[in-house]
There are 2 protein chains.
Amino acid sequence: MRPADDLRDVFEAYLGSLELAAELGSLETALRYALEPGGKRIRPVLCLAVAEAAGGRMEDALPAAAAVELVHTFSLVHDDLPALDDDDERRGRPSAHVAFGEGVAVLAGDALLGEALRLALSYDDPAIARELVEATLGMIGGQHRDITGDDRDLAEVERLKTGRLLDAAVGLGLRVAGVPEREQRPWRAFADELGLLFQVVDDLLDEDGFAERLGVEGARRLAEDAAERARERLAAVAADTGVLRELVDELAVRTA
Amino acid sequence: MRPADDLRDVFEAYLGSLELAAELGSLETALRYALEPGGKRIRPVLCLAVAEAAGGRMEDALPAAAAVELVHTFSLVHDDLPALDDDDERRGRPSAHVAFGEGVAVLAGDALLGEALRLALSYDDPAIARELVEATLGMIGGQHRDITGDDRDLAEVERLKTGRLLDAAVGLGLRVAGVPEREQRPWRAFADELGLLFQVVDDLLDEDGFAERLGVEGARRLAEDAAERARERLAAVAADTGVLRELVDELAVRTA
């Protein structure tokens, strides 16, 4: 089992060498810009670590891991647009729409989603692309609830916006490793807790969402409980899940 | 063989009863709005007619036909945005971004692309979704060349923007009918001419593109030649292609 930082390095190299569709032409520049290192790569590392822990070959999971990261990046590019969250900065650099213009950013997001599906479709098993596209639709539904203020059920909005794609990262890792559906349940229970942990910590850092609703102390307790349950879920899986535990610990104490 | 109008009616009914992902929530309203009748449904009718002519069951091609139409609709919703072509009207009604706001239109376009892929992935054969996603990436690349003014090679821009998806409509029909790759060539040669015919007539109606470059007379001649070659290609296919010939005739004389 490789530690999480090694997985991150392998993933970064894979992503850098990824061939995009030739017909995209010079739009490729905007996709590469949005995909540049700087992010935490939590979803792809999770996908690779799960695949390896579940008995698969990490290399076989690289296209799936990249597919999940591309969906995440597509969502950032579109969510940053002025008509949505209107964020001019992303990871300390100008957002895609500031760097390339809004029109190109719309198209770059579209192309990232297309490339993500193309990667997911490089596998013989269509279940991999199916899981990714369903998670993507859930994520889009969550973002819609968020911008239209239909966020009475905050936990549901967060489950859609963040949880669906983290769950898919785990699910794709399991599918690449050939874990049958009936044996996926404990892993996915882990994904649920990890998603909650991720989101609550996010809200604590941004001082919104759960932090606003529960107060800082309440949100901190919720994060600790989620991290603890995530570790318990991992302990229930009959596999060497050391790297995944490492990821939980990383997420629990992250500051950015 | 059903005439094209019957295929259009069957398709309209199928599209109206299509179940979208529940997690989209109220975003579904914007997708339905963008998909409402009014368009010519050229791509789905082409897909259904090819599937039937090639010996497949028309019913089996309905999800593929809808997938192609959803990709087309996704591209209209995004292209109409102020940052792209800035069109406030579409088929005599307010564009999606006028009716729902720009943010919702971005998300609705994203969701249409996701739903399209979900439909394409309802088949066991992943080649169907692969062909659709590759055509979509080509189409996005064409739109990017168009908005950035990189349209020195007009024929190539049009092949990407329009031809790629028409070719996929034919290709998906063939795949649903189980036509092996090595026997698809004459059908795809037909798709090429149909794509050219479609685009030249479009430019004649809009007084741009080929009409601007070649003059009205020159563009008319090009359209007639493309229609003639499309009919010849059909004649070379060992199948009853009457409905497809009907489509060529329709496209050649269309006025909207």
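Which residues touch the most other members of the largest nonpolar core? Keep that one in mind while you load the model, which is a predicted one. The answer is A:Ala108, A:Leu132, B:Ala108, B:Leu132 and B:Leu197, in a core of 187 residues. A bit of background helps here: in soluble globular proteins, nonpolar side chains tend to be buried together.

**Stop 1: the confidence colours**

Colour chain A by pLDDT. Its mean is 94, and 99% of the residues in chain A reach 70 or more. For the complex, the predictor gives an ipTM of 0.95 and a pTM of 0.96.

**Stop 2: chain A by itself**

Hide chain B for a moment and switch to cartoon view. You should find eleven helices and two strands in chain A. Trace them from the N terminus and the order goes α-α-α-α-β-β-α-α-α-α-α-α-α. Chain A has a radius of gyration of 18 Å, close to the 18 Å that the globule rule gives for 256 residues, so chain A is as compact as a globular protein of that length. If you draw a box around its C-alpha atoms along the principal axes, expect roughly 50 × 45 × 30 Å.

Now think about the inside. Of the 256 residues in chain A, 55% are buried. Look also at which parts of the chain meet: among contacts between residues at least 6 apart in sequence, 69% join residues at least 24 apart.

**Stop 3: A:Ala108, back to the core**

Select A:Ala108, one of the residues from the opening question. Leaving out residues up to four places away in sequence, A:Ala108 touches A:Leu27, A:Ala30, A:Leu31, A:Ala34, A:Val77, A:Ala96 and A:Phe100. Show those as sticks and you can see who keeps A:Ala108 company.

**Stop 4: A:Ala135 in helix 7**

Next, select A:Ala135, which sits in helix 7 of chain A. Is A:Ala135 buried or exposed? A:Ala135 has 24 C-beta neighbours inside 10 Å, and so counts as buried; the cut-off for that is 20 or more. Not counting residues up to four places away in sequence, A:Ala135 touches A:Arg164, A:Leu165, A:Asp167 and A:Ala168. Try the distance tool on A:Ala135 and A:Leu166: they are 31 residues apart along the chain, and their C-alpha atoms are separated by 8.9 Å.

**Stop 5: two odd backbone angles**

Time for some loops. Most residues other than glycine have a negative phi. Go to A:Asp86, in the loop between helix 4 (62-79) and strand 1 (89-90) of chain A. A:Asp86 is not a glycine, yet its phi is positive, about 55°. With 12 C-beta neighbours inside 10 Å, A:Asp86 counts as exposed.

Bring chain B back and select B:Arg91. This residue lies in the loop between strand 1 (89-90) and strand 2 (93-94) of chain B. B:Arg91 has a positive phi too, near 55°, in a residue other than glycine. B:Arg91 counts as partly exposed because it has 13 C-beta neighbours inside 10 Å.

**Stop 6: B:Ala54, a loop residue**

Stay in chain B and pick B:Ala54, in the loop between helix 3 (42-53) and helix 4 (62-79). Where would you place B:Ala54, buried or exposed? B:Ala54 counts as buried, because it has 23 C-beta neighbours inside 10 Å. Apart from residues up to four places away in sequence, B:Ala54 touches B:Gly173, B:Leu174, B:Ala177, B:Val179 and B:Ala239. For another try with the distance tool, take B:Ala54 and B:Asp9: they are 45 residues apart along the chain, with C-alpha atoms separated by 20 Å.

**Stop 7: where the chains meet**

Show both chains and select the contact between them. Chain A puts in 39 residues and chain B 40 residues. On the side of chain A that touches chain B, the elements giving two or more residues are helix 6 (102-120) and helix 7 (126-147). Helix 7 gives the most, with 14 residues. Sorted by class, this side of chain A has 20 nonpolar, ten polar and nine charged residues.

**Stop 8: spin the pair**

Finally, how do the two copies relate? A turn of 180° and a shift of 0.0 Å along the axis lays chain A on chain B with an RMSD of 0.0 Å. The two copies are thus related as by a two-fold rotation axis. To find that axis, select A:Pro126: in chain A, its C-alpha is the nearest to the axis, at 2.9 Å. The same surface serves both copies, with 100% of the contact residues of chain A recurring in chain B.

Technical notes: Residues are numbered from 1 along each chain as its sequence is written. Chains are lettered from A and ligands numbered from 1 in the order in which they are written. This is a predicted model: local features need pLDDT of at least 70, side-chain atom pairs count only at pLDDT 80 or more; totals for chains, interfaces and linings use all residues. Two residues are in contact if their C-beta atoms, placed from the backbone, lie within 7 Å. Helices (H or I, at least four residues) and strands (E, at least two) are DSSP runs, numbered from the N terminus. Ala, Val, Leu, Ile, Met, Phe, Trp, Tyr, Cys and Pro count as nonpolar, Asp, Glu, Lys and Arg as charged, and the others, Gly among them, as polar. Copies are superposed by least squares on the C-alpha atoms of residues with pLDDT of at least 70 in both. pLDDT is the predictor's confidence in each residue, from 0 to 100. The radius of gyration is taken over C-alpha atoms; the globule rule is 2.2 Å times the number of residues to the power 0.38. A nonpolar core is a set of buried Ala, Val, Leu, Ile, Met, Phe, Trp, Tyr and Cys residues joined through C-beta atoms within 7 Å.
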